[in-house]
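Reader: I'd like to go through this model and ask what stands behind each label. Could you take me through the terms as we go?

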Amino acid sequence: MPTWLIVVIVVVAVAVLGAVIWLVTQEMQRKRLQQRFGPEYDRTVEEKDSPRAAQRELAERERRHKELDIRPLSASARERYTREWAQAQENFVDHPAAAVAEADRVLVSLMSDRGYPTEGYEQQLADLSVRHAKTLEHYRAAHATQHERSGASTEDLRDAMVHYRTVFEDLLTDGSDGADAAADDHHERRNGHDHNGHDHSEREHDRTAQDGTAVAADRTAGAPDRTEHDPNEKVRDRDGVQPEREASAQPRTEWNGGR
């Protein structure tokens with residue numbers, strides 16, 4: 001076999017091997033980013049009109065995130081933010097729009113204390129997407145309502161508070177001792193699934209709608225304080241809203257429709 005033919009065969013083999021390695025590497029990168037960013041990966045692909053451009057964008061977010069000084073909150077800081085959030089929720093009954101604005105302020109302050117830059121909303125989304133992709137759509141939905149709160153209905157504002165709360169709890173507990181597993185379980189349940197694979201999304205939606213109806217009815221009729229008992233002897237507050245029970249050892253806030 002001529003020497004030149006051997007050289008050609010070797011060059012072609014090396015080129016094919018290099019192409020295969022590149023394709024495998026790209027596929028591994030795609031799967032890794034999809035797993036890390038979840039729905040945010042698909043959203044970025046749609047925005048960039050190219051999977052490769054989306055992957056470059058998400059990889060750049062990871063690079064920037066590594067340079068940030070992200071830190072967990074101290075126990076005292078978590079308690080302080082829990083009190084501030086509870087106060088915002090309590091104010092919702094009488095001043096829904098102002099309460100939503102306060103929720104946004106508390107959340108941005110929490111981001112800052114965790115080490116996230118807060119110079120702009122779009123950058124906040126990009127930075128949060130690296131570790132908090134599960135709750136990013138909640139933040140988008142709440143932010144949209146907050147900036148249109150003058151024309152938003154009470155139910156829209158209530159939904160915004162629920163969305164803000166989801167992001168707030170995620171940021172409040174992330175990085176604290178033993179919180180990661182509890183946070184993951186909480187997000188799975190909020191997304192409509194328990195550990196047995198049961199879907200609770202419709203029941204949660206119905207419960208939220210019933211809570212809003214009960215609060216609106218009591219506020220309109222000026223209903224007096226009362227304590228109701230269901231067959232399971234669970235105490236409800238004056239607005240008829242069942243306090244949420246969470247099996248978590250971490251500090252968290254309870255949304256009860258304004259009280």
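Author: What follows is a set of questions about labels, each answered with a value and a cut-off. The model is predicted, so local features need pLDDT of at least 70 and side-chain atom pairs count only at pLDDT 80 or more, while totals for chains, interfaces and linings use all residues. Residues are numbered from 1 along each chain as its sequence is written, and side-chain values use heavy atoms, with hydrogens and water left out.

Reader: What makes a stretch a helix here, and how many helices are there in the protein chain?

Author: Helices are DSSP runs of H or I with at least four residues, strands are runs of E with at least two, and both are numbered from the N terminus. By that rule the protein chain has 10 helices and zero strands.

Reader: Why is Tyr164 called buried?

Author: Buried means under 20% relative accessible area, exposed means over 50%, and partly exposed is in between (1.4 Å probe, protein chains only). Tyr164 has 0% relative accessibility, so Tyr164 counts as buried. You'll find Tyr164 in helix α8. Across the protein chain, buried residues make up 38% of the 259 residues.

Reader: And why does Trp4 count as exposed?

Author: Trp4 comes out at 60% relative accessibility, and therefore counts as exposed. Trp4 lies in helix α1, residues 3-37. Trp4 also helps make a nonpolar surface patch of about 680 Å², along with Val8, Val12, Val16, Val20, Val24 and Met28.

Reader: What makes that a patch?

Author: Patch residues have over 30% relative accessible area and no salt bridge; nonpolar side chains (Val, Leu, Ile, Met, Phe, Trp, Tyr) are joined within 5 Å, and like charges within 9 Å. The areas come from the Shrake-Rupley method with a 1.4 Å probe, and for residues only the protein chains shown count as cover.

Reader: How do you know that Glu137 and Arg43 meet in a salt bridge?

Author: A salt bridge needs a side-chain nitrogen of Lys or Arg within 4 Å of a carboxyl oxygen of Asp or Glu. For Glu137 and Arg43 the N to O distance is 3.3 Å, and the pair qualifies. This pair links distant parts of the chain, with Glu137 in helix α7 and Arg43 in helix α2 (residues 39-48), 94 residues apart. Glu137 is partly exposed because its relative accessible area is 41%, and Arg43 is partly exposed at 30%. Both belong to a salt-bridge network that also includes Glu40, Glu47, Glu57, Arg61 and Arg140.

Reader: What about Arg158 and Glu155: which helix are they in, and how far apart?

Author: Both lie in helix α8, three residues apart, about one turn of the helix. In general, an α-helix has 3.6 residues a turn, so residues three or four places apart point the same way. The side chains of Arg158 and Glu155 meet in a salt bridge at 3.8 Å, N to O. Arg158 is buried because its relative accessibility is 4%, whereas Glu155 is partly exposed at 31%.

Reader: Why is helix α7 described as mostly covered?

Author: Eight of the 11 residues in α7 (136-146) are buried. Among them are Leu136, Tyr139 and Ala142.
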